[in-house]
Amino acid sequence: MRYLAPASVDEAVSALAAEPGKTGILAGGTDLLVQMKTGLIEPDLIVDIKKINDLNAIRRENGGFRIGAGVSGAQMGEHAELARAWPGVVESVNLIGSTQIQGRATAAGNLCNASPAADSVPALIAASAVASVAGPGGTREIAVEDFIAAPGQSVLEKGEIVVSLFLPSRPEHASDAYERFIPRTEMDIAVVGVGISVDTSAEGEVKNARVGIGAVAPTPLLVNEAADAIVGTKLDEEALERCASAAMAACSPINDKRGTIDFRIKVAGALAKRVAKRAYCRARG
Amino acid sequence: MVKVHLWSSARSVLDGAESLELEAKNARELLQRLGAEYPALQPQIEKGVAVSIDGIIHNNPSFQPIDDDSEIFLLPRMAGG
Amino acid sequence: MSNIHVSATVNGDAVEFLCEPDESLLDSLRDRLALTGSKEGCGTGDCGACSVVLDGRLVCSCLVLGAEADGRTIETIEGVADGDDLHPLQQKFLDHAALQCGICTPGFLVAAKALLERNPDPDETEIRYWLAGNLCRCTGYDKIVRAVMDAAEEMRQ
Amino acid sequence: MNKIDDISGTEYKYVGTRPVRPDGVDKVTGKAQFGADLYAPGMLFAKILRSPHAHARILSVNTDKAEALDGVKAVLTYADLELGDGGHDLEDDMNHVLENVMARGKALYDGHAVAAVAANSASIAKRALKLIDVEYEVLPHVTDIEKAIAPDAPIIHEDMYTQDMDPKPEKPSNVARRMEIGHGDIEAGFEKADFIFERRFRTEAAHQGYIEPHACLANYRSDGHAEIWCCTQGHFMVRSACAALLGMDLSKLRVTASEIGGGFGGKTTVFIEPVALALSRKCGRPVKLVMDRDEVFRASGPTPSSVIDVKIGANKEGVITAGFAELWFQGGAFPGSVIDLGAMCSFACYNLENVKAIGWDVVVNRPKSAAYRAPGAPMAAFAVESALDDLADRIGIDPIDFRLKNAAEEGTIASFGPKFRRIGLKETLEAAKASDHYNSQLGPNQGRGVASGFWFNFGGTTSASIKIELDGTAVVTVGTPDIGGSRASMCQMAAETLGIPYEDVRCIVADTSSLPYSATTEGSRTTHSSGMATVYAAQNAIGVMCSRAAMIWGIPEDAVDWKDGHARPSGANAGDFEPMSLAEIAKKAHETGGPIAGHCEFEAGKVGQSFGTHIADAEIDPETGFTKIVRYTVIQDAGRAIHPSYVEGQYQGGAVQGIGWALNEEYIYGEDGRLQNAGFLDYRMPVCSDVPMIETEIVEVPNTGHPFGVRGVGETPIAPPLGAIGNALSHAIGRRMDTIPMSPPRVLEAVNGG
């Protein structure tokens, strides 16, 4: 295996494209190195992107935020403006694993690992986040909800890397939240994860909303029916029930070592209500 | 003579009786006499048996003294963790 | 596969070592630099026994490549004490019997030191959530949390 | 043997205090050397090839390509391990140990070792494993107890017929053995009962969860002598087992115990040490073998899983009239699960006129189980303590009063046979009843549970020596590896007996060539047995020092006695001379006959059982089934706490292991018979933020058989938690929980009336 730490995106892309064998992109490494240790993958080339300076920054852009692919969850949590604007996205990356993991794991890496239960993806979907990708054929933008093709598989072509994630600007009275269910209080992979973003009118009516749900289908889901259930309401109990049942209806989970089908569906409903309320309260300030 | 209480699955050998009488001055002698007089118990004795003398359980019974009024219980050998 | 030459700063000392490209920083510290204080409990970032501080950031050294350490600074358990003077955390762990077998203790001390450098007055909940990535099977965590609180109080004086 | 005058119950200078452990500095500075921390010149790295099948015949193992790989120095198959005689001092059947260390013709579980390689680097060894061609004939498997005992179950050992059955079975089966204990007439007892509780309970297998994977370094020299350096609870056991498995003379093998990163019973047998030694013998180089975490889960020694039917009858006054339990334990692919201990523990806490427990030892396609802290007790206590809780509700009696009314005490005929000597169960129940915790208010969705537990505690073969240095300090040498801080207790007991400051005593754990045989650190025996041996060895040394003082004073030897660290003339010569301190005597040692030392080698007996009672408050989230332990209290009888901090540490550690087992820890096997959660991510042990502070209360009912009144405390703490938390959740939900672990899906199902 060869290890490369290029200084520019172009250098990284050409190295990846030129490699005939298997490649691995190293940002935080908290998924990649685990898969290498357990023999799941044996790359012939690893490209470490952390020496490419402009991937390690969070910058304001058109009122939103451009988060470099090398930015760790801990750095996102320490960025006061980002945490104020997108508390849901920030708490999703600050729930992954432990303090030690959050010091390394990146939102982009979490997205590229393409796990159905990825913590950051439901929140990124709710936030209408867009991934900027560079590759041999140039750059392109991919909405996060279209990024994951199947469990463990993204839509990236050979030689492509995620350069940054863009979170759009926020109108007034808008906010988001993320919560997941795990049997312990830390360290587990999400059994169910729900991210919800809402914009509200001055009077507190939900103008529009987006709901992302993880670990209940082969890929994290954008569930429009759950969002529609609360648009035009002030999040009364009835709207929350409709949102919960829409969330449950969208689930097609499996039985595995982390949860049963019935359990995941019920918890998805319960979490949808809680996360909607939290996002709404935050939006109302 | 010493009164020896057996654990219940061993009692099947004595068609249900809970205890028996034996001549023995120490644990080793007791087990040798027991195996001689009740051959059906010999395999279990060889595999390992604990002897409780007046409430103290000896996992590797040997020359611990036994006197006539000692309360003797035979138990499966015990391992700990 | 050919080895990679790495020069880094470990506990304030300049070091150089060769490592295989897919070798973890934990293996480099232990097998190349004979710093066996960091321990491998799982190799997958789930137990925290290999915790080190990399450029000021608390990480699991089993989930960092040795090659990544080039040009960077690393602090391990061997650097926590100041020569023979134990760090207050080390002394409090002993005073409170906050360790039994001691295999997880290096990871806990490195993680707790990183916490107190960020937040000199953490409450019980903050300590417990910050240390949630460090598994201990012997103590049930009670005396570890008390030792960290006690050390924090002493260091605040 | 020295005469022990009964000094328990008096106040001491060091026993009962909380000094800093003598070996602590190395452990907090990262200098302590654990199993994987040793390197040797010319050392090779080894890896083991493990079966991916739960049950398969091994038709052939072709190692040619692996042996040809550059950097590979030795490849091992089962043919390299031939059973010699020896290992008679061990409880395990050496044939089973041999076959478990490396498959002999049949892979019996996912992870069963099939071959091993030693090479210049770990990565070369790993690549070599892929070049070993193993031809398997996959067979049907079974990993669940109830399926394994069904008539049509696949048979794991064609030659296994259930022992101790009447009549003798003709067909082989997966049931290795039946056992039974008890007294009285349970049918008559059930007749007299006004209330009867009957139910089946199940517990899944759990792992000890020690953070240090098994690790060893073996060095077989050309002169036929060999050394092993490994993390283990018993290096004398490792020596006996390895000598037996390699057909070596015991005297040619020397084993040194490294620091041990947790064991809890899981390191009381051998898994990789014989493999490393055999590899070293093959290539004449030191070989280091360290397990990965997934290997620890798939191929070390978890607990049995269990199925337990309990039936208990009690009358209106709250007296238990009959207790019956039938327990099925699977001990993995080999006979020898701890079914005896489980059956014997089930009713151990109670004074029952009519009691019976039947136990079945079942084999399945899972790794060979090993001990896990009071092995068998947590499962049995979960079933019985749940039954008592249910009966108490129906009788309308407080759960603690119900236990007090039936509690075992001095003179009680134990359900497993002998009469109890003085024990402290009632004292723990009284303390629980009076505790602030038991009388505090509960919040919404919360429930409180109580449970009691017990462990036999052991003595066993023990050796210790103590030497008095010229500078008046002392070094205690014992043979029991120090897992939980026992070196501190040894130094306290030695200092107290010798009458010198605690700081002047060191304690080391000697290797198998430097101390006579000493049994493993297990069975909560270390502070009891090594402690006793340390006191006798110290008294032996005191005898020597008294004779030296007599020589210096020119008075008869028996006219000197010892008090507060000084020799003093006594009897006719009392007051003739100023008392002479240990330091003064030690300084003149070489003039008065040579170095001063004492030793003791004996079968430690006079064991005192340790009883405990726990209180657990649990809060559930009815919408998700999440359970939070909001308060937990451990009350246990230590006889006499030598070092209260480390006694509390055993209480807290055992409680949190119990919390993990009760709520989330389990072995999950797929339909393919493979372990699905072989890692700390999905084998969910409690993390720091999962649990509250664990409150403790040390009850002290001295064990008069021990010089300082010690009762071993290491194992009892894990017995009550499954029952206490099961009862707490049953009250919070309003339905009896009967399956461990009580994970969120199961709690949610119970909340929704499932």
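Leaving aside neighbours within four places in sequence, which residues is N100(D) in contact with? The first view has the answer, and like the other views it comes from a predicted model.

**View 1. N100(D) and its surroundings in chain D.** Once the neighbours within four places in sequence are set aside, N100(D) is in contact with F334(D) and K368(D). The residue itself belongs to helix α3 of chain D, which runs over residues 94-101. Is N100(D) buried or exposed? N100(D) counts as buried, because it has 25 C-beta neighbours inside 10 Å, and the cut-off for that label is 20 or more. Another residue to pick out here is A299(D): 199 residues separate it from N100(D) in sequence, yet the C-alpha to C-alpha distance is 8.9 Å.

**View 2. Where chain D touches chain C.** How many residues does each chain bring to this contact? Chain D puts in 44 residues and chain C puts in 43 residues. On the chain D side, the elements that supply two or more residues are α1 (24-28) and α17 (644-663). Of the chain D elements, α17(D) gives the most, with eight residues. Sorted by class, the side of chain D that touches chain C holds 20 nonpolar, 16 polar and eight charged residues.

**View 3. The hairpin of β4(A) and β5(A).** Here strand β4 of chain A (residues 58-61) pairs with strand β5 of chain A (residues 64-68). The pairing is antiparallel and takes in four bridges. If you're tracing the bridges, E61(A) has G64(A) in β5(A) as its partner. Two residues sit between the strands of this hairpin. What is special about the phi of N62(A) in the turn? The phi of N62(A) is positive, at about 45 degrees.

**View 4. Chain B, seen whole.** Follow the sequence of chain B and you get β-α-β-α-α-β-β-β, which adds up to three helices and five strands. Chain B is as compact as a globular protein of its length, because its radius of gyration is 12 Å, close to the 12 Å that the globule rule gives for 81 residues. For a feel of the dimensions, the C-alpha trace of chain B spans about 35 × 30 × 20 Å along its principal axes. Of the 81 residues of chain B, 41% count as buried. And how about the contacts along the chain? Take the contacts in chain B between residues at least 6 apart in sequence: 47% of them join residues at least 24 apart.

Conventions: Residues numbered from 1 in each chain as written. Chains lettered and ligands numbered in written order. Predicted model: local features only at pLDDT ≥ 70, side-chain atom pairs only at ≥ 80, totals over all residues. Pairing = 2+ DSSP bridges. Contact = placed C-beta atoms within 7 Å. Nonpolar A, V, L, I, M, F, W, Y, C, P; charged D, E, K, R; others polar. Rg over C-alpha atoms; globule rule 2.2 N^0.38 Å. Buried ≥ 20, exposed ≤ 12 C-beta atoms within 10 Å, placed from the backbone.
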